[in-house]
Amino acid sequence: MSAEQKKDSIVHDDLLDHNYDGIQEYDNPTPSWWHMIFLGTMLFSVFYIVVMHLSPITRTRYEVLAQHQEAALEKQFGELRRIPLGEEKIRKALENEQWVAMGATIFEERCVLCHAEGGRGIQGLGLNLTDDVYKNIETAGDILNVLTNGIGTAMPSQRANLDDNEMALVAAYVVSLRNTNHPQGIPPEGKPIPPFFSDTPTEQPASGG
Amino acid sequence: MASHAPAAASERPGAPSRGLESFTYDDAIVRLFAWATVIWGIVAFLVGVVIAVQLAFPAANLGLPFTAFGRLRPLHTNAAIFAFAGNSIFAAIYYSTQRLCKARMWSDKLSRLHFWGWQAIIVSAALTLPLGITQGKEYAELEWPIDLAIAVVWVGFFGVNFFMTLIKRRERHMYVALWFYIATIVTVAMLHVFNNLWIPAGLVHMVKNGEMPSPELVMKSYPIYAGVQDALMQWWYGHNAVAFFLTTPFLGLMYYFLPKAAERPVFSYKLSIVHFWSLVFIYIWAGPHHLHYTALPDWASTLGMVFSVMLWMPSWGGMINGLLTLRGAWNRVAADPVLKFFVVGVTFYGMSTFEGPMLSVKLVNQLSHYTDWTIAHVHSGALGWNGLMTFGMLYWLMPRLFQTELYSKKLATAHFWLATIGIALYVLSIYAAGITQGLMWRAFDETGRLQYPSFIETVVNLIPMYWIRAVGGTMFLAGAVMGLYNFIQTWRNRPEQYEEVVHQAPALNPVFEGQAEQGGFFSGAWHRAWERRPVKFTVMVLIGVAIGGIVEAIPMFLVKSNVPSIATVTPYTPLELAGRDIYVSEGCYNCHSQMIRPLYAETVRYGEYSKPGEFIYDHPFQWGSRRIGPDLAREGVTNPNAFWHWQHFENPSLITPGSIMPSYAWMLKAKLNFNDIKGRVDAMAMLGVPYGPLVEGENAVEHARRQAAEIAFEIESSGGPLSEETQDTKAIALIAYLKRLGTDLYKDPTTVNAQNPFGDFKSNREVTDAHD
C-alpha cells in the first residue's frame, strides 16, 4: 500500500460542503476492513460456484443422498438386507431383539395412526393386533401381502413408505404382538389362525424333530 | 439559505440570482401517518401475541373459522409489514423528503389520497384475511382487487407525488435518504406487479358460463405461474419485500433522523454511495435462499446463497454509517431515549444482516429451514430494526409535529427497556425452539433410525419456549401502548393553532449552473452529478434492481430441464382443486410444508423427496416455509385414510395427543359450493391445465360430486357418519386433495394419459343417452 493510499484510508473527519436540512457529511473513506471482507465474500462466491458446480469432484445433492441412504441401510439391516422379502426374512428379523424393537419403532411411525399404540386397535380405523384372531391373514407371510398391497380402502399400501427390510421388521413386530392381549385392546374381530411359521419347514425344534 | 456554501458543486456565486420562493411544509399529513403507525402497530403486535398464545395453547384458536392460526398469521404479518412499517416509512418519507427537497409535497390531494387509500387497503386486509380470502403466497396474501388498489395507491398516488416533489425540489443534490426512497418506490412497484399476475376465477366464470359467481369466487384468483416458477417469483418478491419495504426505506429513515437526533454529521459520504449501490444491486438476487434443497434447481439456489453472502458488507455499510455517525454523541445516548432506540435498532440491523447471510449458507439452512430459527431471525429484524427505529423516529418527531415537549421522557425510556427486553426474550426463546426442533428432526438413534419418529414429540418440546415468546411479545406490545399514551399526552399539549413556518429558497435553474466535479471513478464525482438528476438516478436504480431478477427468472421459465416433466403427473380433479383452494384459503401453508428435501433425515421421515415436475399444476405453489406441523407433500401416500382425516379435522388432539393444530370441526358441516367448481376449473384451463371435456357444461360439477360421494362412502364404511350427511361438505373436498398429495409419482405410466387425463369422462347425460 503506497503512502498516498494509506492517507486515503484514514479518518480525517473533513466536512464536505453538503448540507441537507442541516445534515452534513464527512468525506471519510470506507473502512478498509469493509472492503476486505466485501472482496472476501466475492472470492468465496466464485470459489463456491467453481467447487460446487464446475469441478469434477462435485457431487449433486442426490448423489449425496443416495450415499447416505446406502450407509443407513447397511447400518440398520446388515445381513437382513440380503434375504429376499418373505417369511424367511421375518423369521430372521425375529431372531434379533433389536430388529423387533426397530419394527416397533416403524410401527409407531406409520401404523399407530389407525392401530394405536401397542397395536391395541381403534374402533372403526384399525384392528386389534394383540389378540389371537385375524381378519386378513392366515400366515406370517400374509402380513407382508397386507403391507404391500393394502386392503381396499381400509388399509393403505405401505409400498411407498417402507422398503423390504422395514416391512419385514414391522411384520416381525406384528408377529410378536400376537396374544399379548393389550389391556385396552378393542374387541377381537376375525377368525383364529394356526400359529405363525407352523406350516413351513424351519430349524425350530418343534417342527424339526 | 446558508446551506449554499461556495464550493465545487454549488451554484456559481456570479450566476444570475433567481427569485426567492416562499413555501411551507405539509406536516398535517405526517401527523396522520404517525398516528396510523402507532395504532396499526398496536394492532399488529396484538394479533402477534394472540397467535403466539395459540401455538402454546391451541384452545385459543376458539374453534372458529376466522380466528384460527392459519388465517390470523397472515393478518399479523401483513399488519406488521404493510400497516405498521408501511405507515412508519410514509411518515418518515413525507417529513424528510419535503425538508431534503426544500419543497412541499407536490400535491396535498395526492398525499391525502395516498393516506386514506392505504388505510382503506389495510382495513380491507383486516376484513378479507380472517375470512380466508387469500392468494396463499406469503406477504402477498391480499387478493386481486386489493392488489389493484395497492398498485394504484403506491404508484399513482405515492410514487407520482414523490417523484414530482423531487423534480420540483429546490435543493440541487439529492441526499442519500432520497436515494433509498427512490429504490424503495420503484422496486416495490416492480415486485408487486410481477408477483401478482393472476386470473380472477369469478370473472372467468361469469364470462364463460354467464352466471353470477358467488362472492367467494369473485375474490378468488390463480397466479399465472405454477410450482417451481411460482416459488421463484414468490421468494424473489418475498425476500425483496424485506429488502425494499423493511430495509431500504428504513435506511433512508436512519440517514435522516439519526444525524438529526444526534446532531452529528454522517460518518462517510463515500460509504453511503458504495453501500447504497451494492445493496440495491445484490439484494434482488438473494430470493432463492428461501428455497434451498427444494425442487428449485440447484444453480438458482447457489445464486441465492452467494449473493446473500455478498450482501453482508453492503448491509453493514448502513450499520457502520449509522453507528459511526454517533461518534462524539455517545454521552447523549445515555440521556436521550431517541438515540437509545436508534443505537439498539441499528445494532439489531447489524445482527440480523449478519445472521441472514449465515442462514442462507446451504449447510446452515439444512438445519434452520422450516424451524423457528427463521422466525427468530425475522423478529430480530422486524421488532429490533423496524420497530425500534420507528419508535425512535416517533419520539423525535411527535414533539416537533405537535410543537411542544414530549410528555414524558421517562416513559419513553421505560418503553425502550421494555421493548428491548421483550425482543431479547422473544428472540432467544425462539432460537432455542428452532435449533431444538431442527436437531430433533435429524436425530438418529444408535440403530440408525429416527430418534423422534413421531412429529408430535418435536412439537410438545417447544411449548415452554412458546410461552416465553408470548411473554416477550406482550412486553413489546405493552411498550407500544405506553408509547401511544405518551403521544396522546403530548398531543394534548399542542398549541391552539400550529405555527406554520414559512421557508424561503431560490428555485432551481433547470440547467445546473455550478461547476461539475472533477475526479476519477473513485472520487465519486460522477455520482455527485447523478445526485442532481432524479430521473436518471431512478432509471439507474431500476436497471440495478432488474438484473438479478431477470437472470434468475428467464432461464427458469424458458429452459425445460429446470422442470423435467413426469409422465404420471396429471391435474387435480375438480373436487381436489376445490379442496386445494380450501387448503390455500385456510392458510394451511402457514404450518405445513409440501416439500421434502433430498436429505436423508427427511426422506426417512416423509418419503421420496419432491421433484420439480410434481408441481406443474400448483397455482399457487404451496411449499410453505415453516413446519409447525409435519410436511404434507406425500400425505396421500402415507396417510390416505379419509376417516382418519375426518376425525382429525374434528379434533386433532384426540387423534394426536399434544397436537397444537386448531379444530376444524366447522368444516365438517360447512357446505361446499359445487357450482363454483366450474369457474375454478375454467380458470385453471385458461392457464393451460388440460381439463379436456371437464370445461364443458356441468361436467366438472358432476365429476366432483361423484368423487365426493366415493370419499363420503369410504368414511361411512369406516364407521363414520352417513355419506348423505358428508358428501357435500368442504371437509370432503379438502380430504380429496390430501388423499391426492404426492401420489402421482407412484402411478403406472402405462395407465395415465397426461395429455388428456379426463378424456374418458362421461357425464351422466351422455351415459343416459348411450342407454337410450
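Here are some worked exercises on a predicted model with chains A and B.

## Exercise 1: Confidence along chain A

**Task.** Find which elements of chain A have the lowest and the highest mean pLDDT.

**Solution.**
- Step 1. Start with the whole chain: the average pLDDT of chain A is 86, and 90% of its residues score at least 70.
- Step 2. Go on to the elements. Helix α9 (residues 205-208) of chain A has the lowest mean, 40, while strand β2 (residues 23-26) of chain A has the highest, 96.
- Step 3. Look around the helix: residues 202-209 of chain A have a pLDDT below 50, and this stretch makes five contacts in the model beyond near neighbours in sequence.
- Step 4. Keep a caution in mind: predicted coordinates should not be read in detail where pLDDT is low.

## Exercise 2: A hairpin and some positive phi angles

**Task.** Work out in which sense strand β1 (residues 15-20) of chain A pairs with β2(A), and which turn residue has a positive phi.

**Solution.**
- Step 1. The two strands run antiparallel and are joined over three bridges. A:Asn19 has A:Gln24 in β2(A) as its bridge partner.
- Step 2. Two residues separate β1(A) from β2(A) in this hairpin, and A:Asp21 in the turn has a positive phi of about 50°.
- Step 3. Now step back to A:Asp13, in the loop between α1 (3-8) and β1 of chain A. This residue is not a glycine, yet its phi is positive, about 55°. A:Asp13 is partly exposed, because its relative accessibility is 29%, which falls between the limits of 20% and 50%.
- Step 4. For a case in chain B, take B:Tyr139 in the loop between α3 (108-128) and α4 (144-167). B:Tyr139 also has a positive phi, about 65°, without being a glycine. With a relative accessible area of 15%, B:Tyr139 is buried.

## Exercise 3: Salt bridges

**Task.** Count the salt bridges over all chains, then decide whether A:Glu74 is buried or partly exposed.

**Solution.**
- Step 1. Recall the idea: side chains of opposite charge can pair when their charged atoms come close. The count over all chains is 50 salt bridges.
- Step 2. Take A:Glu74 and A:Arg81, whose side chains form a salt bridge at 2.7 Å from N to O. A:Glu74 has a relative accessible area of 34%, so this residue is partly exposed. A:Arg81 is also partly exposed, at 24%.
- Step 3. Cross to the other chain. B:Arg449 and A:Glu109 form a salt bridge with their closest N and O atoms 3.5 Å apart. This pair links the loop between α17 (409-441) and α18 (455-460) of chain B to helix α5 (residues 97-110) of chain A. Both B:Arg449 and A:Glu109 are buried.
- Step 4. Within chain B, B:Arg597 meets B:Glu602 in a salt bridge at 2.8 Å, N to O, and both residues are buried.
- Step 5. Finish with a network of salt bridges, which links B:Asp26, B:Arg104, B:Asp108, B:Arg112 and B:Glu500.

## Exercise 4: Classifying aromatic pairs

**Task.** Decide what kind of aromatic pair B:Phe23 and B:Tyr25 form, and what kind B:Tyr691 and B:Phe758 form.

**Solution.**
- Step 1. Note which quantities you need: the distance of the ring centres and the angle of the planes describe a pair. Over all chains, the structure holds 66 aromatic pairs.
- Step 2. B:Phe23 and B:Tyr25 lie 5.8 Å apart centre to centre with 50° between their planes, and the pair is tilted. B:Phe23 is buried at a relative accessible area of 7%, and B:Tyr25 is buried at 10%.
- Step 3. For B:Tyr691 and B:Phe758, the centres are 5.5 Å apart and the planes meet at 20°, so this pair is stacked: the angle is under the 30 degrees required.
- Step 4. Place the stacked pair in the chain. B:Tyr691 is in the loop between α27 (676-686) and α28 (699-717) of chain B and B:Phe758 in the loop between α30 (730-740) and α31 (764-771), so the pair ties together parts 67 residues apart in sequence. B:Tyr691 is buried at 1% relative accessibility, as B:Phe758 is at 7%.

## Exercise 5: Charges over rings, and a cis bond

**Task.** Identify which ring the charged end of B:Lys611 sits over, and where B:Pro620 is placed.

**Solution.**
- Step 1. The charged end of B:Lys611 sits over the ring of B:Tyr609, 3.7 Å from the ring centre.
- Step 2. Likewise, B:Arg627 lies over the face of B:Tyr370, at 3.8 Å from the centre of the ring.
- Step 3. B:Pro620 belongs to the loop between α23 (600-606) and α24 (635-638) of chain B. The peptide bond leading from B:His619 to B:Pro620 is cis, with omega near -5°.

Notes:
Residues are numbered from 1 along each chain as its sequence is written. Chains are lettered from A and ligands numbered from 1 in the order in which they are written. This is a predicted model: local features need pLDDT of at least 70, side-chain atom pairs count only at pLDDT 80 or more; totals for chains, interfaces and linings use all residues. Side-chain values use heavy atoms; hydrogens and water are left out. A salt bridge is a side-chain nitrogen of Lys or Arg within 4 Å of a carboxyl oxygen of Asp or Glu. Buried means under 20% relative accessible area, exposed over 50%, partly exposed in between (1.4 Å probe, protein chains only). Helices (H or I, at least four residues) and strands (E, at least two) are DSSP runs, numbered from the N terminus. Rings of Phe, Tyr and Trp (its six-membered ring) pair if their centres lie within 6.5 Å; planes under 30 degrees apart count as stacked, over 60 as edge-to-face and the rest as tilted. A charge sits over a ring if NZ of Lys or CZ of Arg is within 6 Å of the ring centre and within 35 degrees of the ring normal. pLDDT is the predictor's confidence in each residue, from 0 to 100. Contact means heavy atoms within 4.5 Å. Two strands pair if DSSP finds at least two bridges between them.
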